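Here are some notes on the structure, set out as numbered points. Please read them with the model open beside you.

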Amino acid sequence: MKIRRSHSSSLALASALLPFSVQADTTAENDVWKMLTDIAIEEVVTGTTYEVRKSWPERFARDIPNVEITGFAVPTLPGQDVRELILTSDADICPLCGEGGHNATLQVLLETPITNLEEGQRITLRGTLSRVEDPETWQAARLVAAKITDL
């Protein structure tokens, strides 16, 4: 028996339900958050296999250098020097709480650590937007070699 579950980002739903939430700037012509929510995720489970199939928009056919994105930072590990974080498009999204909305978050690998980053702080980063093609994870993208352009 095959179970197929398709996933659409809950970003739009969350935005509608939380009209007073603070959101990242999404006015740019090539809005990165919109592109991330356009990634289609399909989970395929059989009696003996598990696979996550991902379909990226045409404009994300390969890694994209020099992408700038603004969002709200959540460090993945506690500590003074942050080397990795999760960026969310909406301040009300809790990426480490097991909530849905996989495409409303973005893993960020920093080129240089940030000292004393406050959780939920709004930041702008520039780096290479990279596809995650691993068929065993829902993660579909990450920003690598990222540098802070605005705190």
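1. Thr 128 is a convenient place to start. It is partly exposed, because its relative accessible area is 24%, and buried would require a value under 20%. Thr 128 is part of strand β7. Please keep in mind that this is a predicted model.

2. What does Thr 128 touch, once its neighbours within four places in sequence are left aside? The partners are Asp 63, Ile 64, Pro 65, Arg 142, Leu 143 and Val 144. Another distance to check is the one to Leu 109: the two C-alpha atoms are 9.8 Å apart in space, and the residues are 19 apart in sequence.

3. Next, the chain as a whole. It holds two helices and eight strands. Read from the N terminus, the order of elements is β-α-α-β-β-β-β-β-β-β. Of the 151 residues in the chain, 38% are buried. Among contacts with a separation of 6 or more, 66% are between residues 24 or more positions apart.

4. The barrel comes next. Five strands close into it, in the order β4-β5-β6-β8-β7, with mixed pairing. On average, neighbouring strands of this sheet are turned by 50 degrees against each other, direction ignored.

5. One pair in that order can be followed in detail. Strand β7 covers residues 122–131 and strand β8 covers residues 141–150; the two are antiparallel and pair over seven bridges. Across this pairing, Ser 130 stands opposite Arg 142 of β8.

6. Which residues have the most contacts inside the largest nonpolar core? They are Leu 36, Leu 85, Leu 129 and Leu 143, in a core of 28 residues. At least two residues of this core come from each of α2, β4, β5 (81–88), β6, β7 and β8.

7. Strands β2 and β3 form another antiparallel pair, joined by six bridges. The hairpin that connects β2 to β3 has four residues. Within the pair, Ile 41 has Lys 54 of β3 as its bridge partner.

8. Is Glu 43 buried or exposed? Glu 43 is buried, because its relative accessible area is 7% and the cut-off for buried is under 20%. Glu 43 sits in strand β2, residues 40–45. Its side chain makes a polar contact of 2.8 Å with the side chain of Tyr 50.

9. The salt bridges deserve their own points. The count is six. One of them is between Arg 59 and Asp 38, with the closest N and O atoms 3.2 Å apart. Arg 59 lies in the loop between β3 (50–55) and β4 (64–75), and Asp 38 in the loop between α2 (32–37) and β2, so this pair ties together parts 21 residues apart in sequence. Both ends are partly exposed: Arg 59 has a relative accessibility of 44% and Asp 38 one of 32%. Lys 34 also belongs here, since Lys 34, Asp 38 and Arg 59 are linked in a network of salt bridges.

10. A further salt bridge joins Glu 111 and Lys 147, whose closest N and O atoms are 3.4 Å apart. This pair links distant parts of the chain, 36 residues apart: Glu 111 is in strand β6 (residues 105–115) and Lys 147 in strand β8. Glu 111 counts as partly exposed at 45% relative accessibility, and Lys 147 counts as partly exposed at 47%.

11. How far apart are the closest N and O atoms in the salt bridge between Arg 131 and Glu 133? The distance is 3.3 Å. The two ends fall into separate classes of accessibility. Arg 131 counts as buried, because its relative accessibility is 19% and the limit for buried is under 20%. Glu 133 is exposed, because its relative accessible area is 54% and exposed means over 50%.

Key. Residues are numbered from 1 along each chain as its sequence is written. This is a predicted model: local features need pLDDT of at least 70, side-chain atom pairs count only at pLDDT 80 or more; totals for chains, interfaces and linings use all residues. Side-chain values use heavy atoms; hydrogens and water are left out. Buried means under 20% relative accessible area, exposed over 50%, partly exposed in between (1.4 Å probe, protein chains only). A polar contact is a pair of N or O atoms within 3.5 Å; within protein, one must be able to donate a hydrogen and the other to accept it, and residues adjacent in sequence count only if both atoms are side-chain atoms. Two strands pair if DSSP finds at least two bridges between them. Axes are lines fitted to C-alpha atoms, for helices over the stretch in contact, and angles run from 0 to 180 degrees between N-to-C directions. A salt bridge is a side-chain nitrogen of Lys or Arg within 4 Å of a carboxyl oxygen of Asp or Glu. Contact means heavy atoms within 4.5 Å. A nonpolar core is a set of buried Ala, Val, Leu, Ile, Met, Phe, Trp, Tyr and Cys residues joined through side-chain atoms within 4.5 Å.
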